[in-house]
Amino acid sequence: MYHSLRSPLHLHSLSSSSSSSSAKSYAISHFTFLVKPHKSTPTYTNLSNKSSLQYTTAPLSIQNISHSMSSTSTRNNGNRWTLHGKTALVTGGTRGIGRAIVEELMGFGARMHTCCRNENELNKCLEEWDGLGFEISGSVCDVSVSAQREQLMETVSSVFDGKLNILVNNVGTNIRKPMIEFTAEEFSTLMATNFESAFHLSQLAYPLLKLSGEGCLVFTSSISGFVSLKSMSVHGATKGAINQLTKNLACEWAKDNIRSNAVAPWYIKTSMVERVLSNEAYLEEVYSRTPLRRLGDPKEVSSVVAFLCLPASSYITGQIICVDGGMSVNGFFPSHG
């Protein structure tokens, strides 16, 4: 089912919501420099009576090097920090990290489409965003189901006239238990939701990303794809697969000016981890392994995703950025001794 709420796009501050508790405003300042070519030869100037010489040379013309940039958007500093005119699909965009990403990208001016499995939840979010003046549409979709993924991309192609600038594969889930206790069904559920959905949606989105001329693919991975976490063997396997896919697509699709990156969060304050972190002893252990001694906020992940989507990051591809308060690089830092 497809829902559309279209309003003129404004860069409003986002009002309080379940995942964005403080208003934010996006105002970008920049400087424009005009560098004119100069044909004079290098000169040597004697400074007072000193024996040292200052070597001066003609200013470098920006026009002479701009041809080496693959993206025309990077040639204009005024476009480096905005997503105006860009189109984006974020899966699982009605709660937690996904909602924060949707609101972050809309704040930078992107036209949005999102999806979730719950129609009531989707409609509620669309109404809130419409009230803020954002241009966003949505679909009810279970991305773990192949047929629904295909329908989703058909809808997105129709809404955005066959072109898509940004795809954020955000949907993910977890089943916490020792590896030997997993059933075949549970294994399939995690693989289909976390990895197969991202793989297939990327395949389906490829023609749209290519036609946009400036495609950007971002995966939501996890530090479980880097380090061993208790009762998360299968989850870690799916995220490890996503990390490698991120790198491969960065190389395979570079010729089509499509970039591929990922973010890898640690514990973020979302409904998905509330039950786990309700145990105070466990929470203290999480803090003890996290140098910043706190949980992350969804907005601290969405800001990284937004940067990876902006023209300002146009030379970044194939990277997995950990958003983890330093957990993945933590060694042994005892409080005593």
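How many helices and strands does the protein have? In this predicted model, the protein comprises 9 helices and 10 strands. Of its 337 residues, 47% count as buried, and the accessible surface comes to about 17,700 Å², with 54% of that area belonging to carbon and sulfur atoms. Among the contacts in the protein with a separation of 6 or more, 74% are accounted for by residues 24 or more positions apart.

The largest pocket has a volume of about 1,200 Å³. It is lined by 42 residues, of which Val171, Gly172, Thr173, Asn174 and Met272 are the closest to the centre of the pocket. Two or more lining residues are given by each of helix H2 (96-107), strand E5 (111-116), helix H5 (184-212), helix H6 (233-252) and helix H7 (271-277), and the largest share of the lining, 5 residues, comes from H7. In terms of residue character, the lining of the largest pocket divides into 17 nonpolar, 18 polar and 7 charged residues.

A further site considered here is Asn79, which lies in the loop between helix H1 (62-65) and strand E4 (87-91). The relative accessible area of Asn79 is 35%, and this residue is therefore classed as partly exposed, since the partly exposed class lies between the limits of 20% for buried and 50% for exposed residues. Although Asn79 and Pro311 are 232 residues apart along the chain, their C-alpha atoms are separated by 7.1 Å in the model.

How values were computed. Residues numbered from 1 in each chain as written. Predicted model: local features only at pLDDT ≥ 70, side-chain atom pairs only at ≥ 80, totals over all residues. Heavy atoms only, no water. 1 Å grid on protein atoms, 1.4 Å probe; cavity = no way out; pocket = protein on both sides within 12 Å on 5 of 7 lines; lining within 4 Å. Points joined across faces, edges and corners; volume = space filled by probe spheres on them. Helix = DSSP H or I, 4+ residues; strand = E, 2+ residues; numbered from the N terminus. Nonpolar A, V, L, I, M, F, W, Y, C, P; charged D, E, K, R; others polar. Buried < 20%, exposed > 50% of the residue type's maximum accessible area, 1.4 Å probe, protein only. Contact = heavy atoms within 4.5 Å. Areas by Shrake-Rupley, 256 points an atom, 1.4 Å probe, with all protein chains shown as cover.
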